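Here is a short briefing on one residue and the sheet beside it. Read it with the model open.

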Amino acid sequence: MNLGIMQPYIFPYIGYFQLINAVDKFVLYDDVTFIKQGWINRNRILLNGEPHVFTVPLKNASSYTTIAHTEINHNLYTGWRVKFFKTLALAYAKAPYYKEAMGVISAIFNSNADMVSELAVNSIIETSKYIGINTAFVLTATRYGNNHLKGEDRVIDICKKENADVYINASGGKELYARGNFQKAGLELRFIRSRGITYPQFQHTFVSWLSVIDIMMFNSPEEIKNFLNE
């Protein structure tokens, strides 16, 4: 069995879904430290031909708190959501799949999530369903009871508990993991690297590696599914 493990990000870029599509089971690694200014609660869309960062407001976000225990700031969230939907309409109302994409996006942001992990996990799972990815998800890493382990040791332990044969990670993980340590544990370590994916973004010069929101606006689920093998 092929296994993937990643922190949950809000509507992540296409490479994240390529990794999900490449494995049989995907663990959402939410009981690790929240990274401020990371991609857990923010991402980028296309606005007037330029990348535009959106950020979900959080309550007392701290690098001393886990992702799973980082709260959404509901005093700010309702107003933020109204403005964000208006920004999406301004950016994408004329995009060919705006209506279909907004059906997924609005359902996520209109949910009653209290924690950013819940919002991010839902965005990943519902987008995967929309695209047609059939990978099984483990919704939280707390089930493994091994948060006393760190880094590579914890990943290997999760792989063993899931009876995985192969651990697949994004190419950036080459700096984090040693193939020999996985081999000693009876595991094969593999990495995937995304090729350059392009598609029409109105008449603008193409901007790469935006949130999957951008891809959903300009491409059908079938077209996005084809991107997963790039």
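D30 lies in the loop that links strand 2 (25-28) to strand 3 (42-47). The model is predicted. The notes below cover the setting of D30, then the sheet that includes strand 2.

**Burial of D30**
- D30 has a relative accessibility of 6%. It counts as buried because that value is under the 20% cut-off.

**Contacts of D30**
- D30 and T140 are 110 residues apart in sequence. In space, their C-alpha atoms are 5.9 Å apart.
- T140 is also one of the residues in contact with D30, once neighbours within four places in sequence are set aside.
- L139, A141 and T142 are on that contact list too.
- The list also includes P8, T66, I67, A68 and S117.
- A141 offers its backbone nitrogen: the side chain of D30 reaches that atom at 3.3 Å.

**The sheet**
- Strand 2 belongs to an open sheet of 5 strands. The order is 7-2-1-8-9, and the pairing is parallel.
- Strand 7 (136-138) and strand 9 (188-192) are the edge strands. Each of them pairs on one side only.
- Neighbouring strands in this sheet are turned by 30 degrees against each other on average, direction ignored.

**Strand 2 against strand 7**
- Strand 2 and strand 7 run parallel and are joined by 3 bridges.
- Which residue of strand 7 is the bridge partner of F26? The partner is F137.

Key
Residues numbered from 1 in each chain as written. Predicted model: local features only at pLDDT ≥ 70, side-chain atom pairs only at ≥ 80, totals over all residues. Heavy atoms only, no water. Helix = DSSP H or I, 4+ residues; strand = E, 2+ residues; numbered from the N terminus. Buried < 20%, exposed > 50% of the residue type's maximum accessible area, 1.4 Å probe, protein only. Contact = heavy atoms within 4.5 Å. Polar contact = N/O pair within 3.5 Å; in protein donor to acceptor, adjacent residues only side chain to side chain. Pairing = 2+ DSSP bridges. Axes fitted to C-alpha atoms, helices over the stretch in contact; angles between N-to-C directions.
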